[in-house]
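Reader: I'd like a close look at one part of this model, the charged pairs that hold hands through their side chains. Could you walk me through them and what surrounds them?

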Amino acid sequence: YICASLSQRVFLKSKHKQEGYSYLTKVSWVLLSDTGSAGTYSKAAAVSMRRAFMLLRTTAAASRASAVASEAYVPRIASRHTHRAVSGAEAALVTAAGLSRSTWLWGGALASAVLTAAAAAYEQPARLENDALEPEALQELARDLAVGSASDKERAVAMLSSLTMYIDHHSAILATPGVLDALLDTVIDDRVVPQVRNIALTCTADLMKDPAAHSAALGSRKFVAGLLDALKAEGAWQEGLDDGQVAQAQAARVVAELAGAPDNHPRLISSGLAAQVATQAGRLVTEFGSVGSEYASAAEVPGSMDAVSLVEEERFTAAAVFGLAGSPAGARLLADQPDTLKGVAYWASNSRDPILQRWGVGALARVASAYGRPLEAALEAGGVPALVGALNCEDPQAQCFASAAVGALAREGGAAADALARQGVGAALAVMVSAQGSNASEGVRQGVRKCALKAIVACVANPQLSPALQQAGVGNDVKVVADQGGFSTEEMRRWAQYAVDNLTL
């Protein structure tokens, strides 16, 4: 394991990189399939398996060669995991956690083979399939994570990660005293190995989907400080293979979940977490989205192992920026970060990663709709061209984010409305309202048309924009759709008639 870990960085720079990926994948699977031969498992075996998966996480996504190397070992590892011993079940759950936390590494068949074997091996009361988790079992995991040995901690956090990924379990986990506290304490304990801290941070991010967990996280000064270190990949987070990048991604996910509730924004801002997320967004765009770059985001870089870790960091950081833009205080903070807003505008208009583009458009739309200084900053960052372009992007949610911002800018008038007219907002809205070329379901197309109609109505009421929509033939396009029965509600039909009456030449 140590030799393979050290070799990994060499292969990254080598012309034999693909052969290296295949070799490292085989080494990892040998560790997994040969550990605990003859059905004898132990906590040490579980630790070895966890380490092997940490290695696989950073190698196996890189090439087809890795997948081929993995396929030969699936039957061996699956057969090893069907033993009914409790220690064998623990090792299998570690395997399940390793795979489920890295689903982007595996084809469906590969993941299913090991996950099915792992599920079959685990027969404890708090199994994944149960709707009700036993508090006693959860408390035992919390104790092992808090005061157990290193192997106890690895086992406990792996089993918890197999539970926190299911939102149906969150209420039971959060209602059990000590579980969330143990996870938070593990994240900030630099005596714990980085791999365990990263998994604990991932579990914490899972649980932050429940607002009931927010106060515990933000109420702990030590956890907030540790989260800031993780965002920066500083201190103990720099240790271990690739752990700093994983920590940055998961820390950004925690902030994204917290930023979804505007009531949390004052604490996020005062703690420095909001500013750090904004700084990271600017850094990521500089790294992968600079003008003239071959790739507009990390997701587009083929075969880059480092970029794979950055994909999640990019997406979660963009989601966090989107959340922060949802309050006046957050929008003002982003307005004071010109590099961040330029980056968000670049994601909105250039990224071919639909998730990244969605959050970029949404964040830009929110800032532009905040008026005052945020609106000025959005205009200076090139927000209008990005928003008008997003009206005809392939993501329906991003389209509706953009159209809502267009409506807000039309109501604001002035320089913002002039910029919309110059960028051809009329033609873009004409295409959007007809939902031309959309492969989405009729229900989704109806939603897109409704968003477009709202923006059109706002533009009609603005004398700076109404002529531009007339020249683009928006009224005629709306009439065609109306005549074809394309507006499903009375409200939409009323808006459509208003547009036709005021825009038809």
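Author: Let's start with the outside: the protein chain exposes about 20600 Å², and carbon and sulfur atoms supply 53% of that (areas come from the Shrake-Rupley method with a 1.4 Å probe, and for residues only the protein chains shown count as cover). Keep in mind that this is a predicted model, where local features need pLDDT of at least 70, side-chain atom pairs count only at pLDDT 80 or more, and totals for chains, interfaces and linings use all residues. Residues are numbered from 1 along each chain as its sequence is written, and side-chain values use heavy atoms, with hydrogens and water left out.

Of the 505 residues in the protein chain, 56% are buried (buried is under 20% relative accessible area, exposed is over 50%, partly exposed is in between, with a 1.4 Å probe and protein chains only). The secondary structure comes to 30 helices and zero strands (DSSP runs numbered from the N terminus: H or I of at least four residues for helices, E of at least two for strands).

Now to your pairs. Side chains of opposite charge can pair when their charged atoms come close. The count here is 14 salt bridges, each a side-chain nitrogen of Lys or Arg within 4 Å of a carboxyl oxygen of Asp or Glu.

Take Glu313 and Arg283, whose side chains meet in a salt bridge at 2.5 Å, N to O. That pair links distant parts of the chain, with Glu313 in helix 18 and Arg283 in helix 17 (residues 273-288), 30 residues apart. Glu313 has a relative accessible area of 0%, so it counts as buried, while Arg283 is partly exposed at 32%.

Helix 18 takes part in another one: Asp353 and Arg315 form a salt bridge at 2.9 Å, N to O. Here too distant parts of the chain are linked, since Arg315 sits in helix 18 and Asp353 in the loop between helix 20 and helix 21, 38 residues apart. Asp353 is buried at 2%, and Arg315 is partly exposed at 26%. There's also a network: salt bridges that share partners join Arg373, Glu376 and Glu380.

Elsewhere, Arg191 pairs with Asp189, with the closest N and O atoms 3.0 Å apart. Arg191 is exposed at 73%, whereas Asp189 is buried at 18%.

Just past helix 18 (305-324), the loop leading to helix 19 (328-335) holds Ser327. Ser327 is buried at 10% and, leaving aside its neighbours within four places in sequence, is in contact (heavy atoms within 4.5 Å) with Pro262 and His265.
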